[in-house]
Amino acid sequence: SDTTALARQDIAAHLHPFTNLAAHADVGPLMVTRGDGIYVEDEQGRRYIEGMSGLWCSALGFSHPRLVAAGVKALQTLPYYHTFNHRSNPAVAELAERLLAVAPVPMARVFFANSGSEANDSAVKMIWYYHNAIGQPNKKKILARQRAYHGVTVASASLSGLPTNHRDFDLPIDRISHVDCPHHYRYGLPGESEADFATRLAEALEQRILAEGPDTVAAFFAEPVMGAGGVIVPPQTYFPKVQAVLRKYDVLLVADEVICGFGRTGNMFGSTTLGLQPDLLTCAKALSSGYVPISAVMVSQRVHEALAANSGKIGTFGHGYTYSGHPVACAIALETLKVFEDERIVERVRALTPAFQAGLHQLGQRASVGESRGVGLIGALELVADKATRQPHAPEVKAGPRLAALAQAEGLIVRAMGDTVALCPPLIISEAELATLFQRLGTAFDRYEHASAA
Ligand code: PLP
C-alpha cells in the first residue's frame, strides 16, 4: 500500500464513496495525479490505460484541449449564474437546443442537474407531478429491474436493483419495486432461446402490471445496456416487447442513458441501438466527458405540456438545483457535443467496434471466462469456476477483484463488479492503443489462470 504523505492525509480525512471504509487504511488509495489521452498517472509516475474511462465517463479522454479551453473561457466570462425564475445564460440555451437535436426520439425540453442520480430523481418527481397534473393521482408506482444501477439518492438508489444500494439504507421506498433482469446467460431457462427469454420477461412484466393494478403503475426505468449490474446487453427483441406492454397500460418509459449516451454503443444513444422510444431520457457522464458535473433530463411533448400547464395553475414548477444549467458545466458540455460532431466520434466508435468486440470474444474463449459480452465500445468478461456448468466462484475467491488487481499491475485499469470485469475505454482510443489494452489484459489473464491452477 502507498504510505506517502498524501495517502496518509486521504486515509485520515476522506470518507470515500463505494469503498470498504474499514479496510481503507490497509489498502491505501491509488493517488491519481494527472491524465492525458487514454492514460492516467499516479503519484509515483506509473501510467495506466484507463480502460473504464474513470467511472464510464471520460469519452474524450483526460486532456481534450477544446474542453479545457471552453471551461477556461466560461470561467473568465461568467463563472456562475442560476436558471431559476426565467434566468438563463447563452451556454445552457445552446446546449439544450443541441441535445434536443441529437435526441433518439423527438423530445420537447431539457432540464439540467449535476449527476446521474439527480437526473433520475428529477425524472421520478416529474413523473409524479405529471400524473397529478393530468388527474391520475393514483398512478405513482415505478418499476425498475433487478441489477439495474440508477444512482444513490433516495429515489435513484431505490430504482437501483443491486443489494449494496439498499442494504442497511432502509431502501427501496414503497412506490418503487423491481422486475426481472434481462441477462440470458444467467437467467435464461435451459434450452430457451434469447427471443423466448425476452418474450417470457415481457409477459412477466405484463402480469406484474396487472397484479399491481395498471391504474397505479406510472413508469418503467431502464438502462439500454445495464452498466454497473455487469454490462448486460438484453436480447434485441426485449425492449420492443417490453415497450408494447408499457404502451398497452400507459406506463411511461424512462431511458437511463447515463452510461450508454453519447456514442458508447455505436449510436449517439443506446435507445437507438437497443430499440427504446422513451418518454423521458436521463444522461450525464460523457455529456461533459466527466470534466465537470452535469446531467440532463429530456422530456417528451406530452410530459412537457402537462408540467407547463400544472405549473401555470399552481404558480411554479417547484423543482431545480442551484447549479441547474451551470454556465461553466454547460460550456464544457456544449463543446463536448461539438467535438463529437467535428471528430465524428460515433463513426469512430463504429470503426473500432469490430476490433474491440473481437478482443473481448477472444478472451471469452479462455477456460476461466463464462461469458464475454458487449456492444460498441462497452463490454465485460464474466469469470466462472466452471465454464461448462457456468458455476460461479465462491465469493471469498474474489476472482473479479484479483483479475482487476493483476491488470492494474500491468498498467491497465478495469472494473470488477463481482466476478464480472468491465471495459469501457475512452472513445478516442486508437487501434494501436486498443491492441495494447488487450495485450495487457491478456497478460493479466495468463497470471490469473496460472495462479488459479497453482
Ligand atoms: N445511472 C447509471 C446508468 C449509472 O451508471 C450511474 C452511475 O454510474 C448513475 C445513474 C448515477 O450517476 P451519478 O453517479 O452521477 O449520480
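Two strands count as paired here if DSSP finds at least two bridges between them. With that in hand, look at strand 1, where Arg34 stands opposite Glu41 of strand 2. Helices (H or I, at least four residues) and strands (E, at least two) are DSSP runs, numbered from the N terminus. This is a predicted model, so keep in mind that local features need pLDDT of at least 70, that side-chain atom pairs count only at pLDDT 80 or more, and that totals for chains, interfaces and linings use all residues. Residue numbers start from 1 along each chain as its sequence is written.

**The four-strand sheet**

- Four strands make an open sheet with mixed pairing, in the order 1-2-3-13.
- Strand 1 (32-36) and strand 13 (412-413) are the edges, and each has a single partner strand, so one side of each has no neighbour in the sheet.
- Strand 1 and strand 2 (residues 39-42) run antiparallel and are joined by four bridges.

**The seven-strand sheet**

- The order in this open sheet of seven strands is 4-10-9-8-7-5-6, again with mixed pairing.
- Here strand 4 (109-113) and strand 6 sit at the edges with a single partner strand each, so one side of each is left without a neighbour in the sheet.
- From one strand to the next, the twist averages 20 degrees; axes are lines fitted to C-alpha atoms, for helices over the stretch in contact, and angles run from 0 to 180 degrees between N-to-C directions.
- Strand 8 (residues 252-256) and strand 9 (residues 280-283) run parallel, with three bridges between them, and Val254 has Leu280 in strand 9 as its bridge partner.
- Helix 5 (residues 90-102) packs on the sheet, where it touches strand 4 and strand 10 (295-299), and its direction makes about 125 degrees with that of strand 4; contact means that the C-beta atoms of two residues, placed from the backbone, lie within 7 Å.
- Helix 10 (residues 194-212) lies across strand 5 (141-145), strand 6 and strand 7 (217-222), running at about 150 degrees to strand 6.

**Helix 15 against helix 17**

- The axes of helix 15 (residues 345-364) and helix 17 (residues 431-453) come within 11 Å and cross at roughly 10 degrees.
- That makes helix 15 and helix 17 roughly parallel to each other (angles under 35 degrees count as roughly parallel, over 145 as roughly antiparallel, 65 to 115 as roughly perpendicular and the rest as oblique).
- On the helix 15 side, the contact uses Leu352, Ala355, Phe356, Gly359 and Leu363, which meet Glu431, Leu434, Phe438, Leu441, Gly442 and Phe445 in helix 17.
- By class, this contact of helix 15 with helix 17 has eight nonpolar, two polar and one charged residues; Ala, Val, Leu, Ile, Met, Phe, Trp, Tyr, Cys and Pro count as nonpolar, Asp, Glu, Lys and Arg as charged, and the others, Gly among them, as polar.

**Loop oddities**

- The peptide bond from Leu171 to Pro172 is cis, with omega near 5 degrees, and Pro172 is in the loop between helix 8 (163-166) and strand 6 (176-179).
- Asp170 lies in the loop between helix 8 and strand 6 too, and its phi is positive, near 60 degrees, though the residue is not glycine.
- Asp170 counts as exposed, with 8 C-beta neighbours inside 10 Å (buried takes 20 or more other C-beta atoms within 10 Å of a residue's own, exposed 12 or fewer, partly exposed in between, with C-beta atoms placed from the backbone).
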